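Student: Hello! I would like a close look at one part of this structure, namely the space enclosed where the chains come together, and some of its surroundings. Here is what I am looking at.

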Amino acid sequence: MKDMREKITSNEALLGVNAIEVLATEWVARLDRCEPDSRESAELEQWLAQDARHAGAFLRAQAMWKSLDRVQILHRPGGDSVPLAWYQTVSRRAMLRNAAIAGGAGLAAAAAAGIAFLRTGQNQIATPVGEIRRVPLLDGSLAAVNTDSELIIDFKSDLREVTLQKGEVWFDVAKDRKRPFVVTTGDVRVRAVGTAFSVRKREDGADVLVTEGVVETWSAGGESEKRLVMAGSRVFVSDIAGPSGVVPASAQIDRTLAWREGEIALDGETLTDAAAEFNRYNERKLTVDPSLTNERLVGWFHTNEPDTFARAAATVLKLKVTETAEEIHLAPDFVQGQ
Amino acid sequence: MAPRDRDAFVEWVGRCVLPWENYVRGWLRRASVRAAEIDDIVQEAYSRIARLDDFHHISNPKAYFLEVTRNVLFEQLRRSQIIRIDTIAEMDGPIIPDESPDQERVLIGKDEIARLKRLIDGLPDRCRTMFVMRKVEGLSQRQIAERLGVSENTVETQVGRGLRLILGAWTNETNERHARKDNQQRSIARRKRD
């Protein structure tokens, strides 16, 4: 019984129903039962006065309730029984079941495609600028490969080894205690058993971001200085000096990994940093006048739409956009700005 | 507002404002406002409409609803320290839409009954039975309780729950429809660029 109630509650939570709406609909049902007496009216007045949002939720609930009167025309006049069609609608449970079956078939197809993709032990994956690719691996893991990246996947009987030559990858690693999953990039090593994490190669090391589970990281020759990184944190691992301090970053992680959905999420980045981020994904480069270093921006954009970003930035910061085939340049607009 | 005026007002909101909620939510989505914030903004817009003394002077409820919502959004943007520039990007153009509500209202009227029926159809069995008795057959909560042999409290609870689920589905339906539309537009935009 308790389970069922919890299930219902979570389903309703999915529909985005908030607490105020619950109270508002309860009031509508209560007033529909019978005319309110003076005590109830006072209670309603008090509830409405409590919070400015109550009146809005109550009005919306009442308006929907009133609108529903219009279905009365579906009732045949004179007939005293409810039209049968009302009781013969497909139950929601059956609909969900059907949807689940359809979804399962899709997954099976994807898995089959993945096996075809990586039949042999060793594979190279490369993405050109602007491409983001999801690759299911032979062991059931998933790799999301960001723009302009190269990696070699080498699965042996006792070790799953991935070498990141350039760029960035996020892995959702399938559990297999007998075969550790190790990512090598430069001198940096990252080891996971069953975990989700990303590795981005930098000039002198790599950024490691853990979204699930735990990884172990070190740099070659520094095996005695291994460091554990937990879900919701990030670390920079230097080729020479090994891992630096682990930084908690759970709020940042979704944003930093927005590229997996083809998006760039800005949260207070400077205009210059934002441009550099877009330039990872596009041959047509965004350039920023050096005088514009202090402006900080927030927003979500598509990785392949630097032009939309440039126009938005220009509107807010009163800039001039100059577009050529090779670049989009942002500079102060002295006419508009003064 | 006197009780009779309140009834007329609620009827007006149900007939002229509520049907445009999906349009307003779509506009907020296009302005890149996030889903959780959209719910808050829409709720605040209804609160402001609830404060109206009179509604008879509002000739274009669609434009009015959008105007109120836009004011709520702008006030929030002005209060925030860092400017969300993707939101601004979408507001660059003309905002108040076409002024031909009559044709659209006719279309909405036709769709509306089917849409409301679909919302009731989507309810869990017990809830749906009571809703049909209340809204289609026009029975009172007490009559429903007598006919089904349950307490009036049970009927009241189910009626409240059903209304809540319908409002939730109303929000969701509009969000999903716009998500599909956005995706279509996005793929069209991509194709053009190729």
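To set the scene, how many helices and strands make up the secondary structure of chain B? After that, please take me through the largest cavity.

Tutor: Happy to. Keep in mind that this is a predicted model. Chain B has 9 helices and 0 strands, so its order from the N terminus is simply α-α-α-α-α-α-α-α-α. Of its 194 residues, 50% count as buried. Among the contacts of chain B that link residues at least 6 apart in sequence, 68% connect residues at least 24 apart. Its accessible surface is about 9,800 Å², and carbon and sulfur atoms account for 49% of that.

Now to the part you asked about. Searching the whole structure for cavities of 30 Å³ or more turns up 1. The largest cavity has a volume of about 130 Å³. It is lined by 13 residues, and those closest to its centre are Glu21(A), Arg60(A), Arg25(B), Asp39(B) and Gln43(B). By class, the lining divides into 4 nonpolar, 5 polar and 4 charged residues.

Which elements build that lining? Helix α4 (52-67) of chain A, along with α3 and α9 (152-193) of chain B, each provide at least two residues. The largest share, 4 residues, is that of α3(B), which makes this helix a good one to examine next.

Helix α3(B) covers residues 35-50. Its end C-alpha atoms are 23 Å apart, which agrees with the 22 Å that its 16 residues should span at 1.5 Å a residue. The buried residues of α3(B) are Ile38(B), Ile41(B), Val42(B), Gln43(B), Glu44(B), Ala45(B), Tyr46(B), Ser47(B), Ile49(B) and Ala50(B). Gln43(B) is thus on two lists: it is buried, and it is one of the residues closest to the centre of the cavity. When you read such a list, remember that an α-helix has 3.6 residues a turn, so residues three or four places apart point the same way.

Helix α4 of chain A takes part in another space too. The second largest pocket holds about 1,100 Å³. Of the 28 residues lining this pocket, Leu31(A), Phe58(A), Gln62(A), Arg6(B) and Asp7(B) are the closest to its centre. Two or more lining residues come from each of α2 (19-33), α3 (38-50) and α4 of chain A, and from each of α1 (3-17) and α7 (125-136) of chain B. The lining of this pocket has 16 nonpolar, 2 polar and 10 charged residues.

Finally, a few details elsewhere in chain A. Helix α8(A), residues 306-317, has 12 residues and reaches 16 Å between its first and last C-alpha atoms, close to the expected 16 Å. Its buried residues include Phe309(A), Ala313(A) and Val316(A). Lys318(A), with a positive phi near 55°, follows this helix. Asp148(A) also has a positive phi, near 55°, and is a residue other than glycine. This aspartate sits in the loop between β3 (142-145) and β4 (149-155), and at 31% relative accessibility Asp148(A) counts as partly exposed. His302(A), in strand β18 (residues 296-302), is buried because its relative accessible area is 14%, under the 20% cut-off. The C-alpha atoms of His302(A) and Glu263(A) are separated by 4.5 Å, although the two residues are 39 apart along the chain.

Technical notes. Residues numbered from 1 in each chain as written. Chains lettered and ligands numbered in written order. Predicted model: local features only at pLDDT ≥ 70, side-chain atom pairs only at ≥ 80, totals over all residues. Heavy atoms only, no water. Expected span 1.5 Å × (residues − 1). Buried < 20%, exposed > 50% of the residue type's maximum accessible area, 1.4 Å probe, protein only. Contact = heavy atoms within 4.5 Å. Areas by Shrake-Rupley, 256 points an atom, 1.4 Å probe, with all protein chains shown as cover. 1 Å grid on protein atoms, 1.4 Å probe; cavity = no way out; pocket = protein on both sides within 12 Å on 5 of 7 lines; lining within 4 Å. Points joined across faces, edges and corners; volume = space filled by probe spheres on them. Nonpolar A, V, L, I, M, F, W, Y, C, P; charged D, E, K, R; others polar.
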